[in-house]
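Colleague: I am new to this structure and would be grateful for a guided reading. May I put my questions one at a time?

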Amino acid sequence: SLEIISTAASHSNSAIRKMENLKKLLEIYEMLGEEEDIVNPSNELIKEGQILKLAARNTSAQERYLFLFNNMLLYCVPRFSLVGSKFTVRTRVGIDGMKIVETHNEEYPHTFQVSGKERTLELQASSEQDKEEWIKALQETIDAFHQRHETFRNAIAKDNDIHSEVSTAELGKRAPRWIRDNEVTMCMKCKESFNALTRRRHHCRACGHVVCWKCSDYKAQLEYDGGKLSKVCKDCYQIISGFTDSEEKKRKGILEIESAEVSGNSVVCSFLQYMEKSKPWQKAWCVIPKQDPLVLYMYGAPQDVRAQATIPLLGYIVDDMLRSADLPHSFKLTQSKSVHSFAADSEELKQKWLKIILLAVTGETPDGPSKHPATLDDDPEPKRKSEC
């Protein structure tokens, strides 16, 4: 009976403390003009009080007010008004990465420094005892914060160890434990932060990690799920399927090859004006890569990660007859009902392109010196024919 009564009293005291803490948070919320989002059961007020701040330029002391919570320090300026909020938050300093240093100033006694990721503050307490109390409260809060996060990291590391065993021995053969959504704030593969619109949370069905859509854009057959194709992360896909990074690049769609990747190893590349059928002219970064010299890739810009379109040149008819005074350095590729018009900035650049394209449309590839990417300093002798 004593044990039950003691447990009930303990739970009751805990509930009362939580209610008192929530009530205090609401009071502070009103004091701050209802602008700071601090009313949260996970937030706990540690200490509050008036303090002086030493200005960096003239070392004058300015009256300030501090609210120390278990995860942040609110640095506030008093607001002199009869109604409404009493303080304006000047800076919110996170406990993560915060350091406390005791300083010595002959003109201003009882000083100490709070250094955080957001800002560094040099503060002056009203007395030596007040200074020691603030330093103690701040340091204990920092230590408690790191202790909590170290425990969390150890738990995650332990989970990762379990998952790594599954990854190497039983990946896809045994259902994994899923990491909870609220246990991570960023993709466990690419480390990008999650958000509600463009980067949402997904689970890898093989290892259970929380990943973004980009890192979960793979499917593999999982034995534990009856060989069903399921969404997995890139690492698990490579282990289960046996694909390497180089083979994975081959698996990519042809449009997904990065512009910088092909431009740096190309036969010819430059900006060209492009028009398809009756659509308006538009500027495009055009590339014929060495590893695929029979295909013309078109990008919006030289650093784009995906091509807008590709043209397999084999079998096309080349027509370089002048048709427009506005675009004198133009040429046209036609095949059945497919018509692609291009225009270069100069006759020299046009001839460079024609030299490579006239080979590609017949299935030939550049040989000898022409295997190197064409540049504006080359002096080629293009074949003067209009169709192949």
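Colleague: Through how many residues does a hairpin join β2 to β3?

Modeller: In this predicted model, strands are DSSP runs of E with at least two residues, helices are runs of H or I with at least four, and both are numbered from the N terminus. Two strands pair if DSSP finds at least two bridges between them; β2 and β3 do so in the antiparallel sense over 4 bridges. The hairpin that joins β2 to β3 runs through 2 residues.

Colleague: What limits apply to local features, side-chain atom pairs and totals in a predicted model?

Modeller: Residues are numbered from 1 along each chain as its sequence is written, and side-chain values use heavy atoms, with hydrogens and water left out. As the model is predicted, totals for chains, interfaces and linings use all residues, whereas local features need pLDDT of at least 70 and side-chain atom pairs count only at pLDDT 80 or more.

Colleague: Which residue of β4 stands opposite Leu74?

Modeller: On the β2 side, Leu74 in β3 is the bridge partner of Phe67. Strand β3 also pairs with β4, in the antiparallel sense and over 7 bridges. There, the residue opposite Leu74 is Arg92.

Colleague: How many of the 7 residues of strand β3 are buried?

Modeller: Buried means under 20% relative accessible area, exposed over 50%, and partly exposed in between (1.4 Å probe, protein chains only). In a regular strand the side chains alternate between the two faces of the sheet. One side of β3 has Met72, Leu74, Cys76 and Pro78, the other Leu73, Tyr75 and Val77, and the residues on both sides are all buried. Strand β3 (residues 72-78) is therefore largely enclosed by the rest of the structure, its count of buried residues being 7 of the 7.

Colleague: Which residue in β7 stands opposite Leu52?

Modeller: Strand β1 (residues 45-54) pairs with β2 (residues 61-69) in the antiparallel sense over 9 bridges, and Leu52 stands opposite Glu63 there. Strand β1 is also joined to β7 (residues 120-124), again antiparallel, by 2 bridges. In β7, the residue opposite Leu52 is Gln124.

Colleague: How far does α1 reach from its first C-alpha to its last?

Modeller: Helix α1 has 30 residues. The expected span of a helix is 1.5 Å times one less than its number of residues, and for α1 this gives 44 Å. Close to that expectation, α1 reaches 43 Å.

Colleague: Which strands are included in what covers the buried residues of α1?

Modeller: An α-helix has 3.6 residues a turn, so residues three or four places apart point the same way. In α1, Asn21, Leu25, Ile28 and Met31 are buried. Their cover, counted by contact (heavy atoms within 4.5 Å), includes β1, β2 and β4.

Colleague: How far apart are the closest N and O atoms of the salt bridge between Lys24 and Glu48?

Modeller: A salt bridge is a side-chain nitrogen of Lys or Arg within 4 Å of a carboxyl oxygen of Asp or Glu, and the whole structure has 8 of them. One of them links Lys24 in α1 with Glu48 in β1, 24 residues apart in the chain. Lys24 is partly exposed at 27% relative accessibility, and Glu48 is partly exposed at 24%. Their closest N and O atoms are apart by 3.0 Å.

Colleague: What is the relative accessible area of Lys131, and is it buried or exposed?

Modeller: Glu102 forms a salt bridge with Lys131, with the closest N and O atoms 2.7 Å apart. Glu102 lies in β5 (residues 99-102) and Lys131 in helix α2, so the pair ties together parts 29 residues apart in sequence. Glu102 is partly exposed at 43%, whereas Lys131 is buried, with a relative accessible area of 3%.

Colleague: What share of the 388 residues of the protein chain counts as buried?

Modeller: The protein chain has 6 helices and 18 strands. Among its contacts with a separation of 6 or more, 47% are between residues 24 or more positions apart. Of the 388 residues, the buried share is 38%.
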